[in-house]
Every structure is written in C-alpha cells, then in structure tokens.
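Trainee: I should like to learn how to read the features of a protein model. May we go through them one at a time?

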Amino acid sequence: MTSAFRGPDAPDVEEIRKCVHCGICLPTCPTYRVLGEEMDSPRGRIYLMRAAAEGRVELSETFRRHLDLCLGCRACETACPSGVRFGSLLEATRAQLRRHGPPPKHRLLEAFAFSLFPEPARLGAALAAFRLYRASGLRALVRAIGVLRLAPTLAAMDALLDEVPRAGPLPELVPARGRVRGRAGLLTGCVQRQLYPQVNRDTARLLAIAGYEVVIPTGQGCCGALELHAGLVDAYSARARTLAASFPSDLDFVVTNAAGCGSAMKEYGNRLPELAPFAGRVRDVIEVLAGAELPLGRLDLTVTYHDACHLAHGQRVRQEPRELLRRIPGLKLVELGDSDLCCGSAGVYNLLEPGIADELLELKIARIAETGARLVAAANPGCLLQIASGCRQRGLDVTLVHPVELLARAVDAHTS
Ligand code: SF4
Ligand code: SF4
C-alpha cells in the first residue's frame with residue numbers, strides 16, 4: 001500500500017516503529033487527561049502516523065484534528081522507555097498536513113497569529129494599541145457588555161494580557177564584570193522582549209556578573225519555533241538561518257531565557273546540518289548560571305516552580321532551576337504537584353483551542369493554590385502569561401516571575 005506521506009521529509013518510519021504501544025506515556029499526556037480518547041494520546045497519534053505511513057489511512061480531517069489537538073509539550077518523550085522522539089514525528093507529520101493547507105478551523109486566526117507574534121515590531125505596535133484600549137476604558141466597557149462571550153478566541157486574547165510594560169532598547173554590548181569567563185550572545189525573543197523586557201535586562205546583568213561579555217545583536221529576529229510546531233518548515237528554516245547569521249560566530253554560548261525558543265534553536269541541526277555548530281552553542285540562561293558563582297543576598301520568600309514543557313521535556317533541564325533557586329538564602333522552594341503538566345499555553349494553542357487550554361490551566365491553578373506560595377517561577381514567557389491570566393481570573397493572589405528575576409533580586413539584596 002502507498003504511504004499517505006510524501007517526499008523526503010516524511011516522518012521517520014523507523015522512529016514510528018520504536019513505539020511498542022506500552023501506554024506508559026498516556027497518564028503524562030495533557031490531551032489524554034482532558035479528553036480521555038486513545039486517539040488524543042501519544043500512542044494513538046503514533047498509531048495514526050503508522051497507519052498513514054503504511055497507506056491504511058488518508059490524511060483526512062479526522063486525522064488532522066487528532067494531530068492538531070496535540071500541544072507539542074513532549075511530556076510523552078520524557079515518559080517513553082523506548083526513546084520515541086515524538087516531537088520530531090509531530091513536526092514532520094504537521095509538515096505533511098501543511099501540504100493540504102492550514103487547518104480549516106483556524107485559517108484566519110492562524111494567519112493573524114503568525115503575522116504578529118514572530119514580528120517584534122508589529123507585536124510592539126499591537127501592544128501599544130492594547131495599552132490605549134485598556135487605558136481608555138474601552139476594555140472595561142467591552143467586558144461589561146459581555147460581547148467577548150460570543151468570540152472565545154478574542155476572549156482568550158483579552159484575558160491573557162493585563163498591564164503591558166514599555167520595552168526600552170537594550171545595549172548591544174554588556175561588559176563582563178570581574179574575571180572574564182567568555183562571550184555570550186543573548187536572544188531577546190519576540191514575546192519576551194515586548195512583554196517581559198525586565199527578564200532580558202536581568203539575564204544580561206546576571207550573565208555579566210557571572211563573567212560573560214554579553215552581545216545583543218539589534219537586528220535579531222524570531223527563532224521560528226511557532227512555525228516549526230505548525231509544520232511551516234520553509235518559514236522556520238528561513239528564520240533559523242537569518243537568526244543564526246545575526247550572531248557573531250566566536251561566541252561561547254547563545255543564551256535564551258525562553259524555553260520554547262531554546263528548544264527549537266538547540267534542534268536547528270536536525271533539519272539544517274549547516275546550523276549544527278550554532279545549535280551546539282545554544283544554552284538556556286539557567287544552564288549557564290547553574291555553573292556560575294553569583295553573589296546572592298537573602299530573600300525571605302516562598303516560591304513554587306512550574307516546569308515549562310520545552311525546558312523540562314524539550315531540553316531536559318529540570319534540576320538546575322530548582323538548585324539555582326535553592327541557592328538564594330532565605331528562599332523556600334515548595335514543589336508544585338504536576339509541575340511538568342502543560343499549562344495550556346503551548347505557543348498559540350491557548351488561542352486556537354481555548355477550551356482544552358482552559359481545562360489545563362484550571363488544573364495548574366488548583367495545584368498552585370495547594371502550595372500556598374505567592375510567587376510562581378517559570379522560565380518561558382508563554383507560561384508566565386497563561387498562568388498569570390489564570391490566577392487573575394480566579395482571584396488567586398499570586399505573582400508570576402522568571403527565575404532570573406528572583407536571582408537578580410537576590411543579587412540586589414546582596415549589594416544593598
Ligand atoms: S506532545 Fe504532549 S499533548 Fe502531544 S501527545 Fe505528547 S504528551 Fe500528548
Ligand atoms: S511510552 Fe513510548 S513506546 Fe510506550 S506507547 Fe508511549 S510512545 Fe509508545
């Protein structure tokens with residue numbers, strides 16, 4: 001029978017066959033937990049891929065829907081004893097589906113999201129408009145009328161944002177302090193630079209204190225992660241090449257503080273072998289700081305930590321953030337139940353599938369409430385936005401922070 005997949009970049013059949021259908025991954029899969037359907041589990045999705053590869057099913061709308069509902073969180077990869085690289089199978093399968101066009105259900109919304117989020121200048125203009133919408137009282141009026149109830153996606157977008165900071169420029173070079181350990185490039189990210197500019201400032205400052213000269217190229221663009229996860233591999237490849245070219249080639253590390261970006265950048269070499277050397281230098285800021293000495297003062301805080309999927313599952317960085325936070329004198333770290341269960345953000349999943357995303361957010365907020373912590377640390381802007389929005393909506397008095405913000409506060413406490 002002829003495979004339903006076409007071309008040289010079809011999903012790897014050998015990888016598909018590594019799945020032994022044991023089902024160990026099922027309890028870790030967020031969509032299986034919410035929907036309870038085999039075909040919305042990793043095993044079910046791999047079964048569909050295998051059936052398509054063997055020509056037993058077409059890439060029908062039903063097939064597409066089960067794949068679209070996957071968050072791409074890769075919790076199944078962490079759980080899988082056979083080492084199935086589900087993330088790469090998912091990306092390849094979505095690229096095949098793209099040959100038949102975008103998902104019909106989300107055609108317009110997706111076009112809007114992809115023209116906005118990977119374009120920092122456009123995103124900045126849109127956020128300036130949002131600031132006006134909020135400050136003018138129009139937002140309060142729209143909410144009071146309840147008109148957003150008719151458009152769940154618009155309601156989800158509205159709920160995500162609250163106060164939007166003004167993002168100022170960063171210097172192109174931050175000199176190392178003390179003994180020089182090396183040179184690090186900093187990825188400023190698209191959402192990170194617009195919505196969490198203090199995270200980039202703190203990252204640059206901490207790297208400098210750790211002994212790195214920090215290079216921040218002004219012309220850097222998007223890493224392409226959103227497009228990769230949607231199967232838009234040509235757009236992803238173009239962005240990856242442009243981004244890599246915007247950094248000097250003599251850096252020891254290219255540092256990110258956004259888990260989704262870091263995961264995609266570390267895997268550039270899988271599709272683009274010429275970018276393997278660049279990919280090999282990519283590190284999350286937490287990995288770099290874990291090996292550095294930082295002057296940390298006392299912070300009497302109780303904090304819990306949420307594992308961003310693309311840091312915990314995509315990059316396998318789980319202990320380092322916990323160890324770093326525990327190094328802060330006075331800080332009490334309380335473990336979060338289901339800490340590595342996706343919060344529902346997953347790129348633009350919370351906008352495309354607000355129902356499932358909200359059920360996952362509900363679970364996350366319940367676990368956070370159980371800890372009693374008033375601070376939640378998470379190392380990805382999407383998680384920070386999503387969880388902060390969930391806490392606001394449910395009246396939970398909790399503040400979301402990136403771990404580098406706590407480390408920067410502790411450094412300030414040491415010097416003051
Ligand atoms: S990537 Fe996440 S949502 Fe998708 S099948 Fe794996 S565990 Fe489930
Ligand atoms: S744990 Fe791995 S081998 Fe087992 S069903 Fe899941 S993907 Fe397949």
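Mentor: Let us begin with the second largest pocket. Rolling a probe the size of a water molecule over the atoms shows where empty space is left. On a 1 Å grid over the protein atoms alone, a pocket is an open set of points with protein on both sides within 12 Å along at least five of seven lines, and lining residues have an atom within 4 Å of a point. A volume is the space filled by probe spheres set on the points, which are joined across faces, edges and corners. In this predicted model, about 460 Å³ of space lies in the second largest pocket.

Trainee: Which residues are the closest to the centre of the second largest pocket?

Mentor: They are Asp-162, Glu-163, Tyr-196, Ala-388 and Arg-392, out of 19 lining residues. The lining divides into 13 nonpolar, 2 polar and 4 charged residues; Ala, Val, Leu, Ile, Met, Phe, Trp, Tyr, Cys and Pro count as nonpolar, Asp, Glu, Lys and Arg as charged, and the others, Gly among them, as polar.

Trainee: Where does the second largest pocket lie with respect to the domains?

Mentor: Domain bounds come from an automatic or database domain assignment. Because domain 3 (173–290) and domain 4 (302–415) both give residues to the lining, the pocket lies between them. Helices (H or I, at least four residues) and strands (E, at least two) are DSSP runs, numbered from the N terminus. The largest share of the lining, 5 residues, comes from α23.

Trainee: How many aromatic pairs does a search of the whole structure find?

Mentor: Rings of Phe, Tyr and Trp (its six-membered ring) pair if their centres lie within 6.5 Å; planes under 30 degrees apart count as stacked, over 60 as edge-to-face and the rest as tilted. The search finds 5 such pairs. In one of them, the rings of Phe-130 and Tyr-133 have centres 5.8 Å apart and planes at 55 degrees, so this pair is tilted. Both residues lie in helix α8 (residues 120–135), 3 residues apart.

Trainee: Are Phe-130 and Tyr-133 buried or exposed?

Mentor: Buried means under 20% relative accessible area, exposed over 50%, and partly exposed in between (1.4 Å probe, protein chains only). Phe-130 and Tyr-133 are both buried.

Trainee: On what conventions do these readings rest?

Mentor: Residues are numbered from 1 along each chain as its sequence is written, while chains are lettered from A and ligands numbered from 1 in the order in which they are written. Local features of the predicted model need pLDDT of at least 70, side-chain atom pairs count only at pLDDT 80 or more, and totals for chains, interfaces and linings use all residues, while side-chain values use heavy atoms, with hydrogens and water left out.

Notes
1 Å grid on protein atoms, 1.4 Å probe; cavity = no way out; pocket = protein on both sides within 12 Å on 5 of 7 lines; lining within 4 Å.
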